[in-house]
Amino acid sequence: MTSNNNFDAVVIGAGVIGAATAYELARRGRSVLCVDKLPAAGFGSTSNSCAIVRFTYSTQSGVAMAYEGLYYWKNWADYLETSDETGLIEYRQCGQLFLHDGSGHVERVLPHFDALGIPYEMWSVEEFHNKVPYAESGLFGPPSRPSDDGFWDDPKGQLLGVLYVPESGYVSDPQLSAHNLQRAGEAKGAEFRFGTEVTEIKTADAQITGVSFADGTKVATPVVVNVAGPHSYLINQMAGAYDEMNIKTKALRHEVHHTPAPADVDFEAAGFCMSDDDGGYYIRPEVGNHILIGSGDPACDPQVWVHPDDYDTEVAHDQWEAQLLRLNRRFPKVGMPREKKGIVDLYDVSDDWIPIYDHTAVDGFYVAIGTSGNQFKNAGVAGHCMAELIDAIESGHDHDADPLVVKGRYSGLEIDLGTFSRNREINANSSMTVHG
């Protein structure tokens, strides 16, 4: 910890990726300050993450990054190199089912799985019925609203099969994961300050020089990392980096719901993560033999873009009903619970729903943003990649001309950070949606 408010780097945002970035920078010997205007690590959108770990991305770098990220969770205690008085998270490997509905995403994913050696199985519809006897295998899509004509029509065909990924799963407690990373960072000398709002990012000749906070404190630093989640575009504007970025971000209001599993199905112990683009949702097991249901953001659902400090936090009845009824088309035994349960939070969405891990035209200003509701799983590897990128660029590497390729610490897979450039063209192969 420093005593004079001079730091090698300031990380804005103490969510799971911000805390991981601070930890990784501190591991490399940098003096680091991580700040957040909320009262604790992981207190923002991290706390409401579905925390699903899956690898079904549309780019090879995205798949490689997610598969590398798996090993951080599986080796969590060894990765942290410290303890946490509140305990450590658990990785629950329950597997992922990705329903093959013919829309093209499975076809985009499998070549990457084959190239990278990621284990998977392709189940027939008959195998799906045998393994999940309470599921329907019809095609009901494209997703629609319960009020739409045709919502309750008979299936238009059958699934083509199911992609099963056995190593997928979810993290037991997303907010605790950020606290674990805070403790790991502190053990390496990083400082965390909460209730600390950034009011100014100082530059001189397009070079970062420092940061000011709402309490009047000022710190000097040559490096600022924007990991501010839904507030990231505001921080980019503050730094003067927003306009030059080809890919922009904005805050999207989002709901996740949960419902009891059928009484005769032990979904908490024997369930799975599942992505159903035909229905427009994804699920995972939840404590108390519940099913957590997230939206895949189908085109029929309204997108509510908001200011990150001003949005409705009440679960909307029509969206809760839509997601429960879509799930019931696949799992008719679920039924409709009497009580409406769910959470509302924000996604920091990029223009193509692929994150931005990059530097900017303001020297010393870096961004780990646009996570679009699908990057919790990559916290450890994202922090590692950001620290590698910062080390390279601060040592003179021209990342725009020669994109940095990072070798995975655990898997050895290569991650081309050019995929996540702020100035990339919108990726036409992106699913533009969320699978958890």
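Guide: Buried means under 20% relative accessible area, exposed over 50%, and partly exposed in between (1.4 Å probe, protein chains only). The model is predicted: local features need pLDDT of at least 70, side-chain atom pairs count only at pLDDT 80 or more, and totals for chains, interfaces and linings use all residues. Residues are numbered from 1 along each chain as its sequence is written, and side-chain values use heavy atoms, with hydrogens and water left out.

Visitor: Why is M274 called buried?
Guide: Its relative accessibility is 1%. The limit is under 20%, so M274 counts as buried.

Visitor: Where does M274 lie?
Guide: In strand β15, residues 273-276. Helices (H or I, at least four residues) and strands (E, at least two) are DSSP runs, numbered from the N terminus.

Visitor: What is M274 in contact with, beyond its neighbours within four places in sequence?
Guide: L97, L99, Y281, Y282, I283, R330 and F331. Contact means heavy atoms within 4.5 Å. Q96 is 178 residues away along the chain, yet the C-alpha atoms of M274 and Q96 are separated by 5.3 Å.

Visitor: What makes β10 and β11 a pair?
Guide: Two strands pair if DSSP finds at least two bridges between them. β10 and β11 (residues 208-213) have five, in the antiparallel sense. One bridge joins T203 to I208 in β11.

Visitor: Which strands are at the edges, and how do you know?
Guide: The open sheet runs β10-β11-β12, with antiparallel pairing. β10 (198-203) and β12 (218-220) each pair on one side only, which puts them at the edges.

Visitor: Why is the pair of Y67 and Y71 called edge-to-face?
Guide: Rings of Phe, Tyr and Trp (its six-membered ring) pair if their centres lie within 6.5 Å; planes under 30 degrees apart count as stacked, over 60 as edge-to-face and the rest as tilted. The count by this rule is 15 aromatic pairs. Y67 and Y71 have centres 5.5 Å apart and planes at 90°, so both limits are met. The two are four residues apart in helix α2 (residues 60-74), and therefore about one helical turn apart. Y67 is buried, at 7%.

Visitor: What makes F267 and F272 an aromatic pair, and of which kind?
Guide: Their ring centres are 5.2 Å apart and their planes stand at 75°, so this pair is edge-to-face. F267, at 1%, is buried. F272, at 8%, is buried too.

Visitor: How do you know that K250 lies over the face of W305?
Guide: A charge sits over a ring if NZ of Lys or CZ of Arg is within 6 Å of the ring centre and within 35 degrees of the ring normal. K250 is at 4.3 Å from the ring centre of W305. R54 lies over the face of Y57, at 4.1 Å.

Visitor: What makes a set of residues a nonpolar core?
Guide: Its members are buried Ala, Val, Leu, Ile, Met, Phe, Trp, Tyr and Cys residues, joined through side-chain atoms within 4.5 Å. The largest such core has 71 residues; F55, W73, F113, L181 and V225 touch the most other members. Helix α10 (residues 379-394) gives the largest share, ten residues. A second, separate core of 28 residues includes A261, I283, L327 and F331.

Visitor: Why is S372 called buried?
Guide: Its relative accessibility is 0%, so S372 meets the limit. Its phi is positive, near 55°. Most residues other than glycine have a negative phi.

Visitor: Why is E81 called partly exposed?
Guide: Its relative accessible area is 47%, which falls in the in-between range. E81 also has a positive phi, about 60°.
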